[in-house]
Amino acid sequence: MAAVIETRHVARQRLGERLFHAATLLAALLVLALLGGVLIALIHGAWPALATFKFAFLTSEIWNPVTEKFGALAPVYGTLVTSLIAMLIAVPLSFGIAMFLTQMAPAWLKRPVGVAVELLAAVPSIIFGIWGLFVLAPILQRHVQPWLIAHLGTLPGIGPLFQGPPYGIGILTASVVLSIMVLPFITAVMRDVIDTVPDVLKESAYGLGATKWEVIWNVIVPHSRTGMVGGVMLGLGRALGETMAVTFVIGNAHRVTASLLAPGTTISASIANEFTEAVGDLYTSSLVGLGVLLFLITFSVIAAARFMLMRMDRRALSSL
Amino acid sequence: MNRLLIRKFTNGVAVSLAVIATLIGLFCLGAILWTLLKNGLSGVSLAVFTKMTPPPGEAGGLLNAIFGSLVMTVLGIAIGAPVGILAGTYLAEYGRHSRISSVIRFINDVLLSAPSIIIGLFVYELIVVRMGHFSALAGGVALAMISIPLMVRTTEDMLRLVSQGMKDASTALGAHPWRTIVGVVYPAARSGIVTGLLLAVARLSGETAPLLFTALNNQFWSSNLNAPMANLPVVIFQFALSPYKEWQQLAWTGALLITLTILLLSIVARVTVSVLQSGGTGR
């Protein structure tokens, strides 16, 4: 009798083992299916537009719901330009903050400043949007943009970038908001990467009489370059796909203009602004087509970033 | 001597620039919080929590939006957390060294930073188109898809912290792997997993883009999962961009509520983590 109960118990345990193992594997495979599903569903939804416009979808600037002609050039251009400018602002700032946090701050200051930067990352993007529209845009319109127009707008070469009326909202404002948003992400990765630099290396450099900056530039940066680039790319991926904050301040104009002060649009802002109002299959399908482009752009950037960070991880592990 | 001066000067400039960069970062956080408090606090009243979102030009509250946000966040976590925890368990335990795991880990990391509007489009194609209308259910599913990569990542990290010795002890007593995981590993990593949950809730409660074309919005009270449902982020989006004073005020108040909730959740999660690391369980 006892033996029967015993084997029954063992059988139950075996069954539980098999079920639990299968459940975890299934859940893990679901993550893979999620990515594949997203790509398939988006291409399926975008097919009418892609089949109608073919390659012109990428090269045409025209976005006209009335005549049902749709081209993605303006949103793609806006996405790339806003993200690029955001990076130009955010990368040096993040580098500075990461250096301050890891190399310069006194111990009692490290934690509160670090937490503050992390909290900035937790603020949802819609808050950045509402703040950008009601606080930042008026400031830029009144104080910064007139100065840019007067001083940089007359220069040869870069002049056209800063011409036209100061709208307040537009490409430049969106870029500034984006830069504040991605700043904590890039800072966090850079900080983690810098922490993997062995103390011995830094101490040897200090021992040779190097200044703080020389240690940073000649020891820390070369040692953690791949990871830093990975962090920057990760921030870039965020900036490219950021939606709500940009939607508030970009102005939603399907145009490609040289001036950074003019309203423009990005892929994500176009989708957010127009999707629920889109009438007709071709319009909706074109917006999903924009989604496919965004998918391809952001996923390749993020994948490259993760690849670099993965290599760094492995190297950090092997050097331990 | 001159060279030393130049080096010291360069160093001074670099250090000051780093300090200035930090001040700029802190200033941005301060400016955003201050704006929220200044514009949001004046609108906080009992009506915000007891009245529905008003038609243009009238006073009202955010009750239906707060309720809708709660419902969809709970729905998102209820779907996303089990899947995320199980997948994280696979990556940390059964498939720790398998090849498919490193692929899944990589894909999960990519999904972690993927733009949420794409998830919104996906769920629109998957559910909204098929059902023929917007619904709270679709909103919940979209939020679940955003929470899954988060939960996978934190679960795996937390389970990996559990000491091998405890697992070995359990195995030596004759327990099957699943008994060890459920009976030993999960309890040891509990506070870590709860922290992950808190962070996921914080992230979900501010998500706007995936709800825009899944749950849409609803001016009225609705507890029907099969119909459009109001939610704070989309209400803020709509009201902030409107020309009506009352709506804009409600948008600011909603923004303050969301931000305070999220910051509170993040701080609680952070405290839990630091308690964990300074000699809690698991290590």
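**Figure 1. A salt bridge within chain B joins B:Glu93 and B:Lys167.** In this close-up of the predicted model, the side chains of B:Glu93 and B:Lys167 come together in a salt bridge, with an N to O distance of 3.3 Å. The two residues belong to distant parts of the chain, for B:Glu93 lies in helix α3 (residues 63-94) of chain B and B:Lys167 in helix α7 (residues 164-172) of chain B, 74 residues apart. Both B:Glu93 and B:Lys167 are buried. Side chains of opposite charge can pair when their charged atoms come close.

**Figure 2. B:Arg153 and B:Asp109 form a salt bridge between helices α6 and α4 of chain B.** The side chains of B:Arg153 and B:Asp109 meet with N and O atoms 2.9 Å apart. Because B:Arg153 is in helix α6 (residues 136-160) of chain B while B:Asp109 is in helix α4 (residues 99-112) of chain B, the pair ties together parts that are 44 residues apart in sequence. B:Arg153 has a relative accessibility of 30% and therefore counts as partly exposed, whereas B:Asp109, at 15% relative accessibility, counts as buried.

**Figure 3. A salt bridge between A:Glu214 and B:Arg7 crosses from one chain to the other.** The side chains of these two residues, A:Glu214 and B:Arg7, meet at 2.6 Å, N to O. A:Glu214 sits in helix α8 (residues 212-223) of chain A and B:Arg7 in helix α1 of chain B, so the pair joins two chains. A:Glu214 counts as buried because its relative accessibility is 18%, which falls under the 20% limit for that class. B:Arg7, by comparison, is partly exposed, with a relative accessible area of 24%.

**Figure 4. B:Arg270 and A:Glu118 pair across the two chains and take part in a network.** B:Arg270 forms a salt bridge with A:Glu118, and the closest N and O atoms of this pair are 2.2 Å apart. Salt bridges that share partners connect A:Glu118, A:Arg191 and B:Arg270 into one network. Across the interface of chain B and chain A, two salt bridges are found, while the structure holds ten over all chains.

**Figure 5. The interface of chain B and chain A involves 78 residues from each chain.** Together the two chains bury about 7,000 Å² between them, and 82% of that area is on carbon and sulfur atoms. Eleven residue pairs are in polar contact between chain B and chain A, counting pairs in which both residues have pLDDT of 80 or more. On the side of chain B that touches chain A, α1(B) gives the most, with 18 residues.

**Figure 6. A nonpolar patch lies on the surface of chain B.** The patch, of about 470 Å², is made by B:Phe9, B:Val13, B:Leu17, B:Ile20 and B:Ile24. One of these residues, B:Ile24, lies in helix α1 (residues 2-41) of chain B. Because its relative accessibility is 35%, B:Ile24 counts as partly exposed.

**Figure 7. Two loop residues, A:Glu68 and B:Leu216, have positive phi values.** Most residues other than glycine have a negative phi. A:Glu68 nevertheless has a positive phi, near 55°, and its place is in the loop between β1 (63-64) and β2 (69-70) of chain A. B:Leu216 is likewise not a glycine and has a positive phi of about 55°, and this residue is found in the loop between α10 (209-212) and α11 (232-240) of chain B. A:Glu68 counts as partly exposed at 33% relative accessibility, and B:Leu216 is also partly exposed, with a relative accessible area of 25%.

**Figure 8. Chain B contains twelve helices and zero strands.** This view sets the close-ups of chain B in context, with a C-alpha trace that spans about 70 × 70 × 35 Å along its principal axes. Of the 283 residues of chain B, 53% count as buried, and the accessible surface of the chain comes to about 12,300 Å², of which 69% belongs to carbon and sulfur atoms. Among the contacts in chain B with a separation of 6 or more, 74% are between residues 24 or more positions apart.

Methods
Residues numbered from 1 in each chain as written. Chains lettered and ligands numbered in written order. Heavy atoms only, no water. Patch = residues over 30% accessible without salt bridge, like charges linked within 9 Å, V, L, I, M, F, W, Y side chains within 5 Å. Areas by Shrake-Rupley, 256 points an atom, 1.4 Å probe, with all protein chains shown as cover. Salt bridge = Lys/Arg side-chain N within 4 Å of Asp/Glu carboxyl O. Helix = DSSP H or I, 4+ residues; strand = E, 2+ residues; numbered from the N terminus. Buried < 20%, exposed > 50% of the residue type's maximum accessible area, 1.4 Å probe, protein only. Contact = heavy atoms within 4.5 Å. Buried area = accessible area lost by both parts, 1.4 Å probe. Polar contact = N/O pair within 3.5 Å; in protein donor to acceptor, adjacent residues only side chain to side chain.
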